Amino acid sequence: STSAELNVEQSSGVITGTAGTVGLVSVKMGTITSNLVSVIVNSQVLSVKSVIMQLPTTIAVEEGTSVDIDIALEMSDGTQYSRQSIFAFGLDSYVSLNSSDSNKLKTNASTLSLTIYANAGATPVVVSALAASPENSSPVVQDVEVFINLQPKEFDIDIGSATGVPIPPQKPGRTFITPVILRSETKSISILQLDLEFNPEDVSVLSIAIGADWVGANFL
């Protein structure tokens, strides 16, 4: 292969050549300052071969938070366009997004993002990416399951693990530990009263312990 370096000092000029070829030169003060460089442009009709979407297994954010989707398109010639390239080349019109539960997770195809609104519990939300060019007879689809674990806002209380499913399904008779989280940021909490409601026919509280993060706390 042959490579050429084009030194553009001030402005560029375009010299039209034969069909499929564009000539580029560097021009300064009306004087050509570089050799002619020919760029051959081939036109090929492409279709979307696959859509590649990556999401974390669990999305742990505050309510109302928007998250960008890592998505790429693979074309019929093997070329892949990343999320940034999709917007740069106007391929975002090829992509549409769906959510299996829009009350908990909403998608936005124009920004290739999703917004979180509620916990999903032990049931994942399915995010679907559909992609098709005018040359596709039908769209290609990829489904990704995600669990939603809302994080508490400042001075809000959350029950359950901060990662994964907040409270996973438990078998009858099994003993498990679940954290109670108060987000206090840098503020100190000296007194806290928490009323926890539950169905005593389904679960019973065996003990309560002070978490390691609450330094100097005592039960009254």
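A residue is called buried when its relative accessible area is under 20%, exposed when that area is over 50%, and partly exposed in between, using a 1.4 Å probe and protein chains only. By that definition, buried residues make up 23% of the 220 residues in the protein you have open. The model is predicted, and for that reason local features need a pLDDT of at least 70 and side-chain atom pairs count only at pLDDT 80 or more, while totals for chains, interfaces and linings use all residues. Residues are numbered from 1 along each chain as its sequence is written, and side-chain values use heavy atoms, with hydrogens and water left out.

**The whole chain**

Begin by colouring the protein by secondary structure, where there are 1 helix and 16 strands; helices (H or I, at least four residues) and strands (E, at least two) are DSSP runs, numbered from the N terminus. Contact, a word used at several stops, means heavy atoms within 4.5 Å. Of the contacts in the protein with a separation of 6 or more, 47% are between residues 24 or more positions apart.

**A sheet of three strands**

Now select strand 5 (48–54) and strand 9 (80–81), and add strand 8, which covers residues 70–75. These belong to an open sheet of 3 strands in the order 5-8-9, with antiparallel pairing, where two strands are said to pair if DSSP finds at least two bridges between them. Strands 5 and 9 are the edge strands, since each pairs on one side only. Strand 8 is largely enclosed by the rest of the structure, because 5 of its 6 residues are buried.

Look at both sides of strand 8 in turn. With strand 5 it pairs in the antiparallel sense over 6 bridges, and here Val 48 has Met 75 of strand 8 as its bridge partner. Strand 8 and strand 9 are also antiparallel, over 2 bridges, with Leu 73 standing opposite Tyr 81 of strand 9. If you follow the chain from strand 8 to strand 9, you pass through a hairpin with 4 residues between the strands, and Gly 78 in this turn has a positive phi of about 95°.

**Asn 136, beside Val 48**

Keep Val 48 on screen and select Asn 136, which is found in the loop between strand 13 (125–131) and strand 14 (140–148). Is Asn 136 buried or exposed? Asn 136 counts as buried, because its relative accessibility is 18%. Apart from neighbours within four places in sequence, Asn 136 is in contact with Ser 47 and Val 48.

Its side chain also makes polar contacts (pairs of N or O atoms within 3.5 Å; within protein, one must be able to donate a hydrogen and the other to accept it, and residues adjacent in sequence count only if both atoms are side-chain atoms). A polar atom of the Asn 136 side chain lies 2.8 Å from the backbone nitrogen of Val 48, and the side chain of Asn 136 reaches the backbone nitrogen of Ser 133 at 2.9 Å.

**Strands 13, 14 and 6**

Show strands 13 and 14 on either side of that loop, and you will find them paired in the antiparallel sense over 7 bridges. Val 127, for example, has Val 144 of strand 14 as its bridge partner. Strand 14 also pairs with strand 6 (residues 58–59), this time in the parallel sense over 2 bridges, with Ile 59 standing opposite Ile 148.

**Thr 107 and Leu 112**

From Val 127, move to Thr 107 in strand 11 (residues 105–108). Thr 107 is partly exposed, because its relative accessible area is 24%. Leaving aside neighbours within four places in sequence, Thr 107 is in contact with Leu 97, Asn 98, Ser 99, Ser 113, Leu 114 and Val 127, and its side chain reaches the backbone oxygen of Leu 97 at 3.3 Å. For a longer step along the chain, select Ile 69: Thr 107 and Ile 69 are 38 residues apart in sequence and 9.5 Å apart in space, C-alpha to C-alpha.

Finish at Leu 112, in the loop between strand 11 and strand 12 (113–116). Leu 112 has a positive phi of about 50° although it is not a glycine, and Leu 112 is buried because its relative accessible area is 0%.
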